[in-house]
2 protein chains.
Amino acid sequence: MSIINLAIVGVGKIVRDQHLPAVAANADYRLVAAASRNAQVEGVANFASIEEMLATVPSIDAVSLCMPPQYRHAAAVAALEAGKHVFLEKPPGATLSEVEDLAALAARKDVSLFASWHSRYAPAVEAARAFLAGTTITSMRVMWKEDVRQWHPGQDWIWQPGGLGVFDPGINALSIVTRILPRQVFATAATLEFPENRDAPIAASIRFTDAAGLDLEAEFDWRQVGPQSWDIIARTQAGEMVLSEGGARLSVDGRLVHGEPEQEYPSLYRRFAEIIRAGRSDVDLAPLRHVADAFMLGRRKVVEAFHD
Amino acid sequence: MSIINLAIVGVGKIVRDQHLPAVAANADYRLVAAASRNAQVEGVANFASIEEMLATVPSIDAVSLCMPPQYRHAAAVAALEAGKHVFLEKPPGATLSEVEDLAALAARKDVSLFASWHSRYAPAVEAARAFLAGTTITSMRVMWKEDVRQWHPGQDWIWQPGGLGVFDPGINALSIVTRILPRQVFATAATLEFPENRDAPIAASIRFTDAAGLDLEAEFDWRQVGPQSWDIIARTQAGEMVLSEGGARLSVDGRLVHGEPEQEYPSLYRRFAEIIRAGRSDVDLAPLRHVADAFMLGRRKVVEAFHD
């Protein structure tokens, strides 16, 4: 295949802000169709359902699935069964088991499945990984604090069971942490704060450790007003590392080491084309597994009702 | 190694009821030591901690870890680092990630790790698996309803975060279901009922499906008084299959097909010796993954306080 004929399913804010510009700028792809219940993409064939789209446009090679995670599995099965490569927007599903099931199906159909973690492609992530590989970490703090009203206005699905609540952004932090640390971590305690009128947490803290006894604490909060923070701070024998702005800037002892323009979605689409051409899948469930672990292990605390 | 020198850690009810008789009856093992904070095993060397035990009795080949899951990882690391084979009582840990970490450590140390699921060794489980493999299943119901006051009197750890609550018995059902079904399943919805004074659920229901659209519903309840039920009922094209008494009895259309004496722990210890001698591990996390998925996906409902 020279050019990959791509279709996008679930046309919302993230598709318009990120997927469409990234695809338009990448010569590996030709966008040929879109399917969405309530939205359309200009200049391509539009459908109300993925089933109708797959039946009508046989030239599709690959699909990006961008609907809420609760609805991703059925669409992924339809695409994989039709022999299409599949890009899953994060999180890859509402459960770990359904994504394991998709990975097995992709292997049987001999197509590529990509469980994407866009924050892993933030500009300074690889530099942070290289820095940490060359030193010893004594402790790490993750602070992911944002205003849900600003970033997810009126997105009801995010508050529903399976919508993950504050872990929707928090899983971005976990996707970075699991990439930059030299060893696997695991949660030892967690607290999840549920608004009394919602089915997903508005705040959470998780303590992690690893086989070497790492002291890692992550705080996720959706009630942050004023300055927002998407920061990972590590105390190391080589100084204090700060990976800030969601992985965009890396500094050590206050000195900027790495700061380049953000290229997350362009990088994701380069990666997707790469695994399609290599005949491989890329499905790392560690970030979602940590969220599931936190739900299983965590203490639940009911807090003030949240109204959008 | 001709005889496996075994040590047991975490001496409680399940050890006295099941582990000690099973080990005593199996010529593959010699029980040489035990470690427990508050209890002792007669006739062997006893220690207050696993670290002291491992340092004092170098002849130990393998350890069974039977403390609550929240404390299992640290003990497992101590044993694996000392080059011992490790048997994990179910559930294998408080998180999926820590067990993945143990599996990686066992592989590095070239010793066997066994994540045991005793109910998989119930007498009629393999017969149920064979029956289902030869037919088409239209629906399945799991009913695991028992009186927590009778089966877990005063066991506070079970109500703490990471103690799993009603999933402590429920995971036994899931360990059977994942063994007897022909395909992987995954949760699509769940409800978890938390007593207002407890950190773990007292009841739960989970809906599952699989790639073929199976209709599977599991109900777990710890508030059952009167007759207890540990039943799995499948409607199939070959009749109604009932796997009852926790996997002990199999009947089809009311006719008893398989019913033999219970041999779960003797079978587990046979399996553990087998993987040690074969130089392999046996770590299937599917049952725990389904529980984590249910916590992540599930709707939380607060119910009446529970007092022991």
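The legends below describe close-up views of a predicted model with chains A and B.

In this model, local features need pLDDT of at least 70 and side-chain atom pairs count only at pLDDT 80 or more, while totals for chains, interfaces and linings use all residues. Residues are numbered from 1 along each chain as its sequence is written, chains are lettered from A in the order in which they are written, and side-chain values use heavy atoms, without hydrogens and water.

**View 1. The contact between chain A and chain B.** Chain A supplies 31 residues and chain B supplies 31 residues, contact meaning heavy atoms within 4.5 Å. The buried area is about 2,900 Å², with 61% from carbon and sulfur atoms; this is the accessible area (1.4 Å probe) that two parts lose on being put together, summed over both.

**View 2. Salt bridges across the interface.** Four salt bridges link chain A and chain B, each a side-chain nitrogen of Lys or Arg within 4 Å of a carboxyl oxygen of Asp or Glu. One of them joins B:Glu100 to A:Arg289, with the closest N and O atoms 3.7 Å apart.

**View 3. An open sheet in chain B.** Six strands (DSSP runs of E, at least two residues, numbered from the N terminus) lie in the order 3-2-1-4-5-6 with parallel pairing; two strands pair if DSSP finds at least two bridges between them. Strand 3 (45-47) and strand 6 (113-115) of chain B are the edge strands.

**View 4. Strands 4 and 5 of chain B.** Strand 4 (residues 62-65) and strand 5 (residues 85-88) run parallel and are joined by four bridges. B:Val63 stands opposite B:Val86 of strand 5.
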